[in-house]
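Colleague: I should like to learn how to read the main features of a model such as this one. Could we take them in turn?

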Amino acid sequence: MTKTAALRRKGSATLLLVVLLFLSGAGIVALKSAVDRIPRKKIPGASIIFIPSGKYLKYATFGYSSLAADLIYLWAIQYYTTYTIVDRFQNLEHIFSIIAELDPRYADPYEIGALIAVNEAKDLKLALKILDLGLEKNPDQWIFPFEAGHYAQRAGDYETARRYYEKTSKIPGAPEIAKRLYAAAVFKGMDLKESWDTWMEVYKTAKDERTRKIAGKHLYQVKSAADTKLLEEAVGRFKEKYNRLPGGLDELVSHGLLSSLPRDLDGKDYVYDPRTGKIQAPSVWWKR
Amino acid sequence: MKIKTIALNTFKEAIRDRILYLLFFFAAIALAFSRLLAVLTVGDRVKIIKDVGLASISIFGVLMAILIGTGLVYKEIDKKTIYTLLSKPIQRWQFLLGKFFGLVLTLFIMTLAMGVIFLAIVLLHTGKLEGRLLLAILFIFLELALITAVAILFSCFSTPILSSIFALSFYLIGHLSWGLETFILKTRSGAARFGIRALSAILPDLENFNFKTEIVQGLAIDPRFYLFSALYGMVYTLLILSLAIMVFNKRDFI
């Protein structure tokens with residue numbers, strides 16, 4: 001065989017290899033896209049049920065537990081924002097408790113986990129559980145009971161909101177608004193005395209005019225609520241005794257049901273409707 | 001014929017490797033251990049046996065492919081036996097394909113042996129032979145053939161340790177590349193999305209050979225999926241082997 005023929009043969013072999021490379025490259029791209037187009041059935045929640053508990057996972061991270069927490073958190077955000085996974089909330093608590101075990105001081109996962117639980121999964125109990133876990137691991141962080149109080153208040157559970165706001169205001173560094181929210185939740189729970197005392201404390205210790213003004217308005221609201229309740233009870237007793245509604249609030253005093261008529265914080269009389277027996281404060285508290 | 005001779009010699013060489021028996025021993029222990037693990041569960045014991053069994057075949061098979069495959073070509077170069085071989089009328093591609101088929105044959109025997117143990121354990125528990133489990137094992141074997149090609153590719157230009165690391169990385173990337181789909185969905189259309197899409201098309205997707213969960217859970221699989229996955233595996237193996245031949249052709253042994 002001549003040298004030229006050998007070189008030609010070598011060149012053809014290289015060309016054949018290059019062609020084979022291109023063809024197989026194109027082949028894998030085409031086949032990959034064909035395979036990707038065929039949907040695969042999935043077991044509900046299968047992608048996460050096998051993640052072990054955070055306590056055990058911590059050993060498996062070989063000292064990179066903080067990094068593992070970051071990665072699981074990043075993955076969790078993507079997972080919980082994939083709306084096509086209908087049962088994605090099944091293991092919400094499991095996932096966020098894993099992150100909490102891996103990096104207990106990482107605050108964002110507790111907040112986002114609770115946010116997902118309350119807004120997406122519509123599970124207030126779970127949101128509070130995640131935030132409780134956050135507080136348990138970070139007793140110096142007021143944000144967890146603060147958010148828990150906010151979610152409970154939003155759901156109309158004022159007793160729970162009150163408890164959380166109380167916890168918040170006891171943590172050093174908590175914002176002043178926590179005390180105001182506590183007073184508001186207490187008012188909603190109709191503990192008028194405690195609400196009055198708290199708003200009074202806010203009024204007296206206010207560092208700025210705005211806060212004092214807010215407290216003043218709420219004090220008006222609390223007093224009006226207490227007075228309205230007192231007057232309506234007296235009207236009720238009057239009706240029971242005389243089988244009719246009083247013609248005016250003065251009759252409550254003249255018939256001995258009240259020693260005197262209460263007035264609002266501005267010294268104005270309460271507005272009475274003799275047809276319905278309803279009593280209203282003379283001013284709208286928040287417009288005052 | 002030359003490829004067959006080299007393949008048979010590679011097979012004889014591979015079955016003399018003590019590491020192969022060590023791995024097979026551990027695989028057999030893992031398969032037997034699945035029976036023990038099943039005792040600890042509450043509920044479906046057979047599921048645990050199937051999960052652990054298939055995972056053991058896959059993991060130990062990959063270890064065999066990588067640990068033996070990465071040393072195949074390197075050993076010939078290191079011991080200088082390659083000079084004797086290439087001085088004979090053997091083309092380099094024939095040598096490489098012979099090595100590949102030799103190791104694939106070894107892995108086939110090993111997978112078969114592990115599969116028999118696994119199926120026997122399942123048979124003892126369920127009293128029946130499940131054909132779909134064989135299908136899962138078949139796709140594990142296809143994956144092993146691809147990993148063997150990758151190990152041989154790296155073995156052509158690198159030391160066994162580095163080749164093992166590279167091949168293992170290929171395996172890990174292959175089983176994690178499905179995550180790129182999430183990036184594609186979350187990225188706005190543009191250059192970045194196109195780049196990720198291109199990367200997703202090029203990178204190996206070894207999840208295409210993973211039917212373990214579906215088969216154990218008894219989920220239906222589209223027959224086209226089997227077909228395209230098998231073709232994908234074969235074409236990817238062909239691509240890697242072509243690359244390996246190209247690299248091996250460029251090497252200067254003189």
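The dialogue below treats chain B, its long-range packing, one helix, the contact between chains and one loop residue.

Modeller: Please bear in mind throughout that this is a predicted model.

Colleague: How many helices and strands does chain B have?

Modeller: One begins with the inventory of elements. Chain B has 11 helices and 0 strands, so its order from the N terminus is a run of α elements. Of its 254 residues, 41% are buried. Among contacts between residues at least 6 apart in sequence, 80% join residues at least 24 apart.

Colleague: Which residues touch the most other members of the largest nonpolar core?

Modeller: A core is read from its membership and from its best-connected residues. Here the largest one has 71 residues, and Ile147(B), Ala149(B), Val150(B), Ile152(B) and Ala244(B) touch the most other members. Helix H6 (residues 131–155) of chain B gives the largest share, 16 residues. Setting aside neighbours within four places in sequence, Val150(B) contacts Ala167(B), Phe170(B) and Ile240(B). Another core, of 47 residues, lies apart from the largest one and includes Phe96(A), Ile98(A), Trp199(A) and Ala215(A).

Colleague: What span should helix H3 of chain B have, and how far apart are its end C-alpha atoms?

Modeller: The check compares an expected span with the end-to-end distance. H3(B), residues 45–78, has 34 residues; at 1.5 Å a residue it should span 50 Å, and its end C-alpha atoms are 49 Å apart, which agrees. There is nevertheless a bend of about 35° at Leu72(B). After the helix comes Lys80(B), with a positive phi near 65°.

Colleague: Why is H3(B) described as largely enclosed by the rest of the structure?

Modeller: The reasoning rests on burial: 24 of its 34 residues are buried, so the helix is largely enclosed.

Colleague: How many residues does each chain bring to the contact between A and B?

Modeller: The general idea concerns size. The size of an interface is often given as the accessible area lost when the parts come together. A residue count is used in this case: 25 residues come from chain B and 19 residues from chain A. On the side of chain B, helices H8 (180–186), H10 (212–217) and H11 (223–250) each give two or more residues. The largest share, 14 residues, comes from H11(B). By class, that side of chain B has 14 nonpolar, 6 polar and 5 charged residues.

Colleague: Is Thr276(A) buried or exposed?

Modeller: For a single residue, one counts neighbouring C-beta atoms. Thr276(A) has 9 others within 10 Å, and 12 or fewer counts as exposed, so Thr276(A) is exposed. Thr276(A) lies in the loop between strands S1 (271–273) and S2 (278–280) of chain A. Its C-alpha atom is 8.0 Å from that of Leu245(A), 31 residues apart along the chain.

How values were computed:
Residues are numbered from 1 along each chain as its sequence is written. Chains are lettered from A and ligands numbered from 1 in the order in which they are written. This is a predicted model: local features need pLDDT of at least 70, side-chain atom pairs count only at pLDDT 80 or more; totals for chains, interfaces and linings use all residues. Helices (H or I, at least four residues) and strands (E, at least two) are DSSP runs, numbered from the N terminus. A residue is buried if 20 or more other C-beta atoms lie within 10 Å of its own, exposed if 12 or fewer, and partly exposed in between; C-beta atoms are placed from the backbone. Two residues are in contact if their C-beta atoms, placed from the backbone, lie within 7 Å. Ala, Val, Leu, Ile, Met, Phe, Trp, Tyr, Cys and Pro count as nonpolar, Asp, Glu, Lys and Arg as charged, and the others, Gly among them, as polar. A nonpolar core is a set of buried Ala, Val, Leu, Ile, Met, Phe, Trp, Tyr and Cys residues joined through C-beta atoms within 7 Å. The expected span of a helix is 1.5 Å times one less than its number of residues. The bend at a residue is the angle between axes fitted to the seven residues ending there and the seven starting there.
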